[in-house]
Amino acid sequence: MSLTGKRIAITGAFGSLGAAVVQTALAAGARVAAIDRAEAPPAGIDLGAAECFGGVDLADADQAKAAIGKAVTAMGGLDALVNIAGTFRFETLADGGAGTWDLLYRVNLRTAVAASKAALAHLPDGGRIVNIGAAGALKAGAGMGAYAASKSGVMRLTESLAEELKSRSITVNALLPSIIDTPPNRKDMPKADFDKWVKPAQLADVIVFLLSEQASAITGALIPVTGRV
Ligand SMILES: NC(=O)c1ccc[n+]([C@@H]2O[C@H](COP(=O)([O-])OP(=O)(O)OC[C@H]3O[C@@H](n4cnc5c(N)ncnc54)[C@H](OP(=O)(O)O)[C@@H]3O)[C@@H](O)[C@H]2O)c1
(Lines give C-alpha, C1' and ligand atoms only; values in the text may rest on other atoms or scores of the structure.)
Protein backbone atom coordinates (compact mmCIF):
# COMPACT_ATOMS: atom_id res chain seq x y z
CA MET A 1 0.00 0.00 0.00
CA SER A 2 1.60 3.27 -1.05
CA LEU A 3 1.24 6.65 0.66
CA THR A 4 3.95 8.27 -1.47
CA GLY A 5 3.58 12.04 -1.42
CA LYS A 6 0.86 12.02 1.27
CA ARG A 7 1.28 14.39 4.21
CA ILE A 8 -0.20 12.94 7.39
CA ALA A 9 -0.62 14.37 10.89
CA ILE A 10 -0.79 11.71 13.63
CA THR A 11 -1.87 12.53 17.19
CA GLY A 12 -0.87 10.49 20.22
CA ALA A 13 2.11 9.68 18.02
CA PHE A 14 4.57 9.06 20.86
CA GLY A 15 2.43 6.28 22.38
CA SER A 16 2.38 2.54 21.68
CA LEU A 17 -0.07 2.58 18.77
CA GLY A 18 0.88 6.05 17.55
CA ALA A 19 4.54 5.16 17.11
CA ALA A 20 3.64 2.05 15.10
CA VAL A 21 1.38 4.10 12.83
CA VAL A 22 4.13 6.71 12.33
CA GLN A 23 6.63 3.99 11.39
CA THR A 24 4.22 2.19 9.03
CA ALA A 25 3.15 5.42 7.31
CA LEU A 26 6.79 6.47 6.82
CA ALA A 27 7.58 3.03 5.38
CA ALA A 28 4.66 3.50 2.94
CA GLY A 29 6.25 6.71 1.68
CA ALA A 30 4.28 9.36 3.59
CA ARG A 31 5.58 12.51 5.21
CA VAL A 32 4.50 12.49 8.84
CA ALA A 33 3.92 15.09 11.55
CA ALA A 34 3.87 13.42 14.99
CA ILE A 35 1.89 15.40 17.59
CA ASP A 36 1.62 14.49 21.27
CA ARG A 37 1.14 15.89 24.75
CA ALA A 38 4.34 14.18 25.88
CA GLU A 39 7.37 16.39 25.33
CA ALA A 40 9.29 13.80 23.31
CA PRO A 41 9.04 10.17 22.22
CA PRO A 42 10.06 7.74 24.99
CA ALA A 43 13.63 6.45 24.97
CA GLY A 44 14.02 3.63 22.48
CA ILE A 45 11.13 4.74 20.24
CA ASP A 46 12.46 5.79 16.84
CA LEU A 47 10.10 7.98 14.81
CA GLY A 48 12.59 8.26 11.96
CA ALA A 49 12.01 11.19 9.62
CA ALA A 50 8.76 12.32 11.27
CA GLU A 51 8.50 15.98 12.26
CA CYS A 52 7.81 15.87 16.03
CA PHE A 53 5.64 18.36 17.89
CA GLY A 54 5.54 17.53 21.62
CA GLY A 55 3.99 19.30 24.60
CA VAL A 56 0.66 19.86 22.82
CA ASP A 57 -2.65 19.43 24.69
CA LEU A 58 -4.98 18.69 21.78
CA ALA A 59 -8.07 19.07 23.96
CA ASP A 60 -7.30 22.79 23.89
CA ALA A 61 -8.65 24.11 20.59
CA ASP A 62 -6.04 26.87 20.32
CA GLN A 63 -3.17 24.43 20.90
CA ALA A 64 -4.67 22.00 18.39
CA LYS A 65 -4.98 24.75 15.78
CA ALA A 66 -1.40 25.91 16.37
CA ALA A 67 0.03 22.37 16.21
CA ILE A 68 -1.83 21.47 13.02
CA GLY A 69 -0.66 24.78 11.54
CA LYS A 70 2.97 23.93 12.36
CA ALA A 71 2.51 20.47 10.87
CA VAL A 72 1.13 21.97 7.66
CA THR A 73 4.06 24.38 7.43
CA ALA A 74 6.60 21.61 8.07
CA MET A 75 5.09 19.25 5.48
CA GLY A 76 3.92 21.81 2.92
CA GLY A 77 0.28 20.80 3.31
CA LEU A 78 -1.97 18.18 4.87
CA ASP A 79 -3.69 15.20 3.23
CA ALA A 80 -4.80 13.23 6.27
CA LEU A 81 -5.25 13.25 10.05
CA VAL A 82 -5.07 10.20 12.31
CA ASN A 83 -6.53 10.82 15.78
CA ILE A 84 -4.86 8.38 18.18
CA ALA A 85 -4.45 10.50 21.34
CA GLY A 86 -6.42 8.86 24.12
CA THR A 87 -6.33 7.08 27.42
CA PHE A 88 -8.15 4.50 29.57
CA ARG A 89 -9.62 4.27 33.05
CA PHE A 90 -11.45 1.36 34.67
CA GLU A 91 -13.65 2.67 37.45
CA THR A 92 -16.99 1.68 38.90
CA LEU A 93 -19.35 4.52 39.73
CA ALA A 94 -19.41 3.46 43.39
CA ASP A 95 -15.63 3.84 43.64
CA GLY A 96 -15.27 6.77 41.26
CA GLY A 97 -16.91 9.99 40.26
CA ALA A 98 -17.84 12.48 37.57
CA GLY A 99 -14.24 13.70 37.28
CA THR A 100 -13.26 10.50 35.47
CA TRP A 101 -16.09 10.99 32.97
CA ASP A 102 -14.85 14.56 32.37
CA LEU A 103 -11.24 13.36 31.97
CA LEU A 104 -12.03 10.65 29.45
CA TYR A 105 -14.37 12.93 27.50
CA ARG A 106 -11.55 15.47 27.32
CA VAL A 107 -8.72 13.12 26.39
CA ASN A 108 -10.58 10.70 24.11
CA LEU A 109 -13.22 12.84 22.40
CA ARG A 110 -12.35 16.51 22.75
CA THR A 111 -8.83 15.89 21.34
CA ALA A 112 -10.32 14.30 18.21
CA VAL A 113 -12.88 17.09 17.83
CA ALA A 114 -10.31 19.89 18.21
CA ALA A 115 -7.69 18.27 15.95
CA SER A 116 -10.30 17.43 13.28
CA LYS A 117 -11.68 20.97 13.28
CA ALA A 118 -8.16 22.37 12.97
CA ALA A 119 -7.36 19.96 10.12
CA LEU A 120 -10.53 20.77 8.19
CA ALA A 121 -9.11 24.19 7.37
CA HIS A 122 -6.30 22.46 5.45
CA LEU A 123 -7.53 19.08 4.16
CA PRO A 124 -8.11 18.97 0.39
CA ASP A 125 -11.05 17.28 -1.29
CA GLY A 126 -10.29 13.55 -1.14
CA GLY A 127 -8.55 13.91 2.23
CA ARG A 128 -8.74 11.41 5.06
CA ILE A 129 -9.49 11.28 8.78
CA VAL A 130 -9.04 8.09 10.80
CA ASN A 131 -10.13 7.88 14.45
CA ILE A 132 -9.62 5.28 17.17
CA GLY A 133 -12.77 4.11 18.93
CA ALA A 134 -12.87 0.90 20.96
CA ALA A 135 -14.52 -2.49 20.64
CA GLY A 136 -15.18 -2.22 24.39
CA ALA A 137 -17.42 0.80 23.73
CA LEU A 138 -19.98 -1.22 21.72
CA LYS A 139 -21.41 -2.50 25.02
CA ALA A 140 -20.03 -1.23 28.29
CA GLY A 141 -19.18 -3.68 31.03
CA ALA A 142 -19.00 -2.81 34.72
CA GLY A 143 -16.35 -0.16 35.32
CA MET A 144 -16.22 0.72 31.63
CA GLY A 145 -18.92 3.41 31.57
CA ALA A 146 -16.76 6.54 31.33
CA TYR A 147 -14.38 5.00 28.80
CA ALA A 148 -17.17 3.56 26.66
CA ALA A 149 -19.08 6.83 26.73
CA SER A 150 -16.05 8.80 25.54
CA LYS A 151 -15.22 6.30 22.80
CA SER A 152 -18.91 6.16 21.78
CA GLY A 153 -18.51 9.90 21.27
CA VAL A 154 -15.55 9.25 18.96
CA MET A 155 -17.69 6.78 17.02
CA ARG A 156 -20.59 9.26 16.66
CA LEU A 157 -18.11 11.98 15.64
CA THR A 158 -16.82 9.60 12.96
CA GLU A 159 -20.31 8.96 11.59
CA SER A 160 -21.45 12.57 11.61
CA LEU A 161 -18.23 13.97 10.15
CA ALA A 162 -18.28 11.33 7.41
CA GLU A 163 -21.74 12.57 6.38
CA GLU A 164 -20.68 16.22 6.69
CA LEU A 165 -17.66 15.71 4.41
CA LYS A 166 -19.12 13.36 1.76
CA SER A 167 -19.59 16.20 -0.72
CA ARG A 168 -15.84 16.84 -0.54
CA SER A 169 -14.91 13.15 -0.83
CA ILE A 170 -13.09 13.36 2.51
CA THR A 171 -13.45 9.98 4.20
CA VAL A 172 -13.80 9.61 7.97
CA ASN A 173 -13.50 6.15 9.52
CA ALA A 174 -12.70 4.62 12.90
CA LEU A 175 -10.94 1.48 14.04
CA LEU A 176 -12.39 -0.30 17.06
CA PRO A 177 -9.50 -2.18 18.69
CA SER A 178 -9.90 -4.66 21.50
CA ILE A 179 -7.04 -4.82 23.97
CA ILE A 180 -3.78 -3.99 22.15
CA ASP A 181 -0.52 -5.85 22.73
CA THR A 182 1.41 -2.99 24.35
CA PRO A 183 4.09 -3.02 27.08
CA PRO A 184 1.75 -1.36 29.67
CA ASN A 185 -1.01 -3.92 28.99
CA ARG A 186 1.48 -6.81 29.35
CA LYS A 187 2.65 -5.30 32.66
CA ASP A 188 -0.93 -4.87 33.93
CA MET A 189 -2.10 -8.37 32.85
CA PRO A 190 0.99 -10.62 33.07
CA LYS A 191 -1.01 -13.87 33.01
CA ALA A 192 -2.99 -13.07 29.84
CA ASP A 193 -2.41 -14.83 26.51
CA PHE A 194 -0.64 -12.02 24.62
CA ASP A 195 -0.86 -13.96 21.34
CA LYS A 196 -4.59 -13.23 21.23
CA TRP A 197 -4.14 -9.45 21.44
CA VAL A 198 -4.09 -7.35 18.28
CA LYS A 199 -0.62 -5.93 17.55
CA PRO A 200 0.01 -2.21 16.99
CA ALA A 201 1.53 -3.06 13.59
CA GLN A 202 -1.67 -4.89 12.57
CA LEU A 203 -3.77 -1.84 13.46
CA ALA A 204 -1.27 0.39 11.64
CA ASP A 205 -1.67 -1.69 8.47
CA VAL A 206 -5.45 -1.14 8.51
CA ILE A 207 -4.99 2.59 9.13
CA VAL A 208 -2.54 2.88 6.23
CA PHE A 209 -5.07 1.10 4.01
CA LEU A 210 -7.78 3.60 5.04
CA LEU A 211 -5.37 6.44 4.18
CA SER A 212 -4.62 4.98 0.74
CA GLU A 213 -6.29 5.62 -2.61
CA GLN A 214 -7.64 2.04 -2.53
CA ALA A 215 -9.95 2.95 0.39
CA SER A 216 -11.56 5.99 -1.24
CA ALA A 217 -15.04 4.38 -1.20
CA ILE A 218 -15.04 3.64 2.54
CA THR A 219 -16.46 6.32 4.82
CA GLY A 220 -18.38 6.38 8.10
CA ALA A 221 -17.16 2.86 8.88
CA LEU A 222 -16.52 1.62 12.42
CA ILE A 223 -14.16 -1.30 11.90
CA PRO A 224 -13.47 -3.83 14.67
CA VAL A 225 -9.80 -4.88 14.58
CA THR A 226 -9.60 -7.32 17.45
CA GLY A 227 -7.03 -10.05 16.80
CA ARG A 228 -8.27 -13.25 18.47
CA VAL A 229 -9.99 -11.59 21.44
N1 LIG B 1 -4.13 0.13 24.61
C2 LIG B 1 -5.27 -0.52 24.37
O3 LIG B 1 -5.44 -1.69 24.75
C4 LIG B 1 -6.37 0.17 23.61
C5 LIG B 1 -7.53 -0.54 23.28
C6 LIG B 1 -8.54 0.10 22.54
C7 LIG B 1 -8.36 1.43 22.14
N8 LIG B 1 -7.20 2.08 22.49
C9 LIG B 1 -7.03 3.46 22.05
O10 LIG B 1 -5.93 3.49 21.17
C11 LIG B 1 -5.27 4.74 21.30
C12 LIG B 1 -3.80 4.54 21.57
O13 LIG B 1 -3.62 3.73 22.72
P14 LIG B 1 -2.15 3.46 23.29
O15 LIG B 1 -2.22 2.21 24.09
O16 LIG B 1 -1.16 3.58 22.18
O17 LIG B 1 -2.02 4.70 24.29
P18 LIG B 1 -0.69 5.44 24.82
O19 LIG B 1 0.51 4.57 24.62
O20 LIG B 1 -1.01 5.93 26.18
O21 LIG B 1 -0.54 6.67 23.82
C22 LIG B 1 -1.46 7.73 23.82
C23 LIG B 1 -0.68 8.99 23.58
O24 LIG B 1 -1.64 10.08 23.50
C25 LIG B 1 -1.11 11.16 24.22
N26 LIG B 1 -2.14 12.08 24.70
C27 LIG B 1 -3.00 11.89 25.74
N28 LIG B 1 -3.76 12.98 25.93
C29 LIG B 1 -3.38 13.89 25.00
C30 LIG B 1 -3.78 15.22 24.71
N31 LIG B 1 -4.71 15.82 25.43
N32 LIG B 1 -3.17 15.87 23.70
C33 LIG B 1 -2.19 15.25 22.98
N34 LIG B 1 -1.76 13.98 23.20
C35 LIG B 1 -2.35 13.31 24.21
C36 LIG B 1 -0.40 10.52 25.39
O37 LIG B 1 0.50 11.43 26.00
P38 LIG B 1 0.76 11.32 27.59
O39 LIG B 1 1.50 10.05 27.78
O40 LIG B 1 1.55 12.56 27.90
O41 LIG B 1 -0.60 11.31 28.24
C42 LIG B 1 0.29 9.33 24.72
O43 LIG B 1 1.57 9.68 24.20
C44 LIG B 1 -6.01 5.52 22.38
O45 LIG B 1 -6.97 6.37 21.79
C46 LIG B 1 -6.68 4.42 23.18
O47 LIG B 1 -7.84 4.86 23.86
C48 LIG B 1 -6.21 1.49 23.20
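**Cavity, pockets and ligand**

Me: About 40 Å³ of space lies in the largest cavity. What makes this space a cavity?

Reply: The model is predicted, so local features need pLDDT of at least 70 and side-chain atom pairs pLDDT 80 or more, while totals for chains, interfaces and linings use all residues. Residues are numbered from 1 along each chain as its sequence is written, and side-chain values use heavy atoms, with hydrogens and water left out. A cavity is a set of points, on a 1 Å grid over the protein atoms alone, where a 1.4 Å probe fits but cannot get out. The structure holds one cavity of 30 Å³ or more.

Me: Which residues line the largest cavity?

Reply: They are N83, I84, A85, N108, A112, N131, I132, K151 and V154. Two or more of the lining residues come from each of α3, β5 (128-132) and α4. Helices are DSSP runs (H or I) of at least four residues and strands (E) of at least two, numbered from the N terminus.

Me: Why is one residue of this lining called charged?

Reply: Asp, Glu, Lys and Arg count as charged, so K151 takes that class. Ala, Val, Leu, Ile, Met, Phe, Trp, Tyr, Cys and Pro count as nonpolar and the others, Gly among them, as polar. The lining of the largest cavity divides into five nonpolar, three polar and one charged.

Me: What makes a space a pocket instead?

Reply: A pocket is an open set of points with protein on both sides within 12 Å along at least five of seven lines, and a lining residue has an atom within 4 Å of a point. The largest pocket has a volume of about 1,200 Å³, and 37 residues line the largest pocket. G86, T87, F88, Y147 and I180 lie nearest its centre. The elements giving two or more residues to this lining are α1 (16-27), α3 (98-120), α4 (145-164) and α5 (183-188). The second largest pocket has a volume of about 170 Å³, and its lining includes K65, V113 and H122.

Me: How do you know where the ligand sits?

Reply: A molecule sits in a pocket if more than half of its atoms lie within 2 Å of the grid points, so by this test the ligand takes the space of the largest pocket. Two or more residues of the shell around the ligand come from each of α1, α3 and α4.

Me: What makes a residue part of that shell?

Reply: One of its heavy atoms must lie within 4 Å of the ligand. There are 25 such residues, and L17, D36, R37, I84 and N185 are the closest.

Me: Why is the pair between D36 and the ligand called a polar contact?

Reply: A polar contact is a pair of N or O atoms within 3.5 Å, and a side-chain N or O atom of D36 is 2.8 Å from a ligand oxygen, so the pair qualifies. For R37, a polar side-chain atom lies 2.6 Å from an oxygen atom of the ligand, and for N185 the value is 2.9 Å.

Methods. Grid points are joined across faces, edges and corners, and a volume is the space filled by probe spheres set on the points. A polar contact is a pair of N or O atoms within 3.5 Å; within protein, one must be able to donate a hydrogen and the other to accept it, and residues adjacent in sequence count only if both atoms are side-chain atoms.
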